[in-house]
Amino acid sequence: MTWRVAHVILHAGMLTQLAVRNVVLIEALDLDFGRGLGVLTGETGAGKSILLDALGLVLGNRAETALVRSGAKQASVSASFEFGTFPPAIAELLDDAGLTIEPGEPLIIRRQVKADGGSKAFVNDQSASVGLLRNLAPMLVELHGQHDDRGLVNPRGHRQLLDRFADADTAKVARNWRTWQHAAQALEEAREAIDAASAEQDLLLAHLGELTKIEPQAGEEARLAEARAAMQKGERLSGDLEELRHIWEGSESPLSELRTAARRLDRIAGEHKLLAEALGALDRAILEATEAEEKLEEAAEALVHDPQALDAAETRLFDLRALARKHRCEVDELPAKMRELRAKLDAIEGGEAQLDALRLAEREAFDAYEGAAVRLRKARQSAAKKLDEAVMGELAPLKLDAARFRTDVQPLPEEKWGPSGMDAVEFLIATNPGADFAPLNKIASGGELSRFILALKVALALRQAQDGQGGAATMIFDEIDRGVGGAVASAIGERLARLADDGQVLVVTHSPQVAARGRVHYQIAKASSGTVTKTSVVLLDEANRKEEIARMLSGAEVTPEARAQADRLLEGV
């Protein structure tokens, strides 16, 4: 699959150099380009398409290994673009990619393709992605293939061409469209949410009533579980403590016996040292036993619980966990669930007020979009008349005197409105007096269609130049004159030459009338030596240029009559 360039427009700059190495039949080629009209001619099959394929590589076209010349390891193409003022959009793209170009430097794009697959891209010797080349290409060039007519007759591109001709503010319409869509979406989502909430309002009230009745608290589950565990433990220990109490209580308890023994020993101890020491130890034992008794009493009191309190704790814990299961959440999340249910009910109650605000926002956004789109429609309608006049002015020189051209701007149904506005745009023609207007591809023959397209391109390019847009600095036409000859070809050549007065036009042509209009003339030739075939491009001097135009007039054998006709063509420009 090959990519063909038919028409290239460099914004405020031009293509100055093209270097090709090992691309198909081209071994080595270096071309310098300047302003004015440059023509490229050669016999069919000489390699003009190869040259254009090479240019396509630096503009991000797919790198196919078939482009690498047989026997070579890799192919490479380098193109240099110079600008009067470096376009900010290009500078922004390069900055985003982390690439820098010094002020005043040309933009040099280089592409390498390996024979075994894979490619590399460079911008001013800095590694770049092919994606960057593709993003740069629309800013550097406007591309049309050899079958450019197929693109221009497609109504999908007509609106964009008219907007560019009108220098219309389509960005504002697109912004207002997005704002309107977001507002409409917010309104629809609110409606759906309120409708859904209203449908389950009774259920919401029931759920909220259950939660409000129990009024769950954050951290309550853990506190209840801890209290219940403590009460259950006290219930198990209370029996054991009761038995211990019987041991320590009464006249025969160990503590009572110790006290009796201490009193008797005190009466007999007197001054006896050992008995006094025994009495001291016994007193200490009585103190420790008394403290133990007090601790047992305190523990018994602490472990005493109300069976009803335990039952209440267990019941509330059960209720909380049941509600949590019902709402598919944790117990600690129940307070948040209550707030959520209240918010939904509040939304239902305040839903109309919210909807009123969203309806107002949606209406305001729609009005802003509609206003901008109506202004765009008026700009399109005004520009359509000017474009029609401009194209009609180009038809007569192209020998389409009886033809008529009309830019049809029609309102779209609301369901087809979009960021490009509310209009459908289509270019229509009528080739005969009194005939109805119809789409380009329905009426025009191949030759007529080429001329209509040239007229349209010239009108668009001249308007850009008049408005200072710099969009028509460089153009490349690939056989735009195919299918025509004689006076028509001469008229095409004249239009191309006039278009080149303020810029740079390169044209690949088989027409001697067009070739004669060139300020510079390149000849593309193919030569074979043994089994090796190569394509070369030569800048012709005046003598060789006349010989090439004579060949184009006469064919394989250049006759004196063809040379004389070539002289007349060159003298007439």
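Mentor: Before we start, one definition: two strands count as paired if DSSP finds at least two bridges between them. Keep in mind, too, that the model is predicted.

Trainee: Okay, then which strands form the open sheet, and in what order?
Mentor: It's a sheet of three strands with antiparallel pairing. Its edge strands, β8 (404–411) and β10 (438–439), each pair on one side only. Reading across the sheet, the order is β8-β9-β10.

Trainee: How many bridges join β8 to β9?
Mentor: β9 covers residues 423–430 and runs antiparallel to β8. At least two bridges are needed for a pair. For β8 and β9 the count is eight.

Trainee: Which residue in β9 stands opposite Val409?
Mentor: Val409 lies on the β8 side, since that strand spans 404–411. Look across to β9, residues 423–430. The residue you want there is Val425.

Trainee: At what angle does α13 run to β8?
Mentor: Two helices come into this. Helix α5 (residues 158–166) lies across β8 and β9, at about 95° to β9. α13 also lies across β8 and β9, and its angle to β8 is about 170°.

Trainee: On to charges: how many salt bridges does the count come to?
Mentor: The rule asks for a side-chain nitrogen of Lys or Arg within 4 Å of a carboxyl oxygen of Asp or Glu. Some of these link up into a network, with Asp163, Arg377, Arg380 and Asp423 as its members. The count comes to 20.

Trainee: Glu220 forms a salt bridge with which residue?
Mentor: The closest N and O atoms in this pair are 2.2 Å apart. The pair links distant parts of the chain, from Glu220 in helix α8 (residues 220–248) to a partner 96 residues away in helix α11 (residues 307–326). Glu220 is buried because its relative accessibility is 9%, while the partner is partly exposed at 23%. That partner is Arg316.

Trainee: And why are Asp367 and Arg363 separated by about one helical turn?
Mentor: Their salt bridge has its closest N and O atoms 3.0 Å apart. Asp367 is partly exposed at 37% relative accessibility, and Arg363 is partly exposed at 42%. The one-turn separation follows because both sit in helix α13 (residues 351–395), at a spacing of four residues.

Trainee: Which residue meets Lys546 in a salt bridge?
Mentor: The N to O distance here is 3.4 Å. The pair links distant parts of the chain, with Lys546 in helix α18 (residues 542–554) and its partner 21 residues away in helix α19 (residues 560–571). Lys546 is partly exposed at 28% relative accessibility, and the partner is partly exposed with a relative accessible area of 28%. The partner is Asp567.

Trainee: How far does α18 reach from its first C-alpha to its last?
Mentor: The helix has 13 residues. At 1.5 Å a residue, the expected reach is 18 Å, and the model comes close to that. From first C-alpha to last, α18 reaches 18 Å.

Trainee: What covers the buried residues of α18?
Mentor: The buried residues are Arg545, Glu548, Ile549, Ala550, Arg551 and Met552. What covers them includes β3 (36–41), α17 (512–515), β13 (520–529) and α19.

Trainee: Which residue with a positive phi follows α18?
Mentor: The helix covers residues 542–554. Right after it comes a residue whose phi is near 105°. That residue is Gly555.

Trainee: Now the strands at the other end of the numbering: is Asn22 buried or exposed?
Mentor: Asn22 is found in strand β1 (residues 13–23). Leaving aside neighbours within four places in sequence, Asn22 is in contact with Glu27, Leu67, Val68, Arg69, Ala72, Gln74 and Ala75. Its relative accessible area is 19%, and the cut-off for burial is under 20%, so Asn22 counts as buried.

Trainee: How far apart in space are Glu82 and Gly13, C-alpha to C-alpha?
Mentor: Glu82 is found in strand β4 (residues 74–83) and is partly exposed, with a relative accessible area of 42%. In sequence, Glu82 and Gly13 are 69 residues apart. In space, their C-alpha distance is 5.3 Å.

Trainee: Last one: what percentage of the 573 residues in the chain is buried?
Mentor: The chain has 19 helices and 14 strands. Its accessible surface comes to about 30,100 Å², with 50% belonging to carbon and sulfur atoms. The buried share of the residues is 43%.

Conventions. Residues are numbered from 1 along each chain as its sequence is written. This is a predicted model: local features need pLDDT of at least 70, side-chain atom pairs count only at pLDDT 80 or more; totals for chains, interfaces and linings use all residues. Side-chain values use heavy atoms; hydrogens and water are left out. Buried means under 20% relative accessible area, exposed over 50%, partly exposed in between (1.4 Å probe, protein chains only). Accessible areas come from the Shrake-Rupley method with a 1.4 Å probe; for residues, only the protein chains shown count as cover. The expected span of a helix is 1.5 Å times one less than its number of residues. Contact means heavy atoms within 4.5 Å. Axes are lines fitted to C-alpha atoms, for helices over the stretch in contact, and angles run from 0 to 180 degrees between N-to-C directions.
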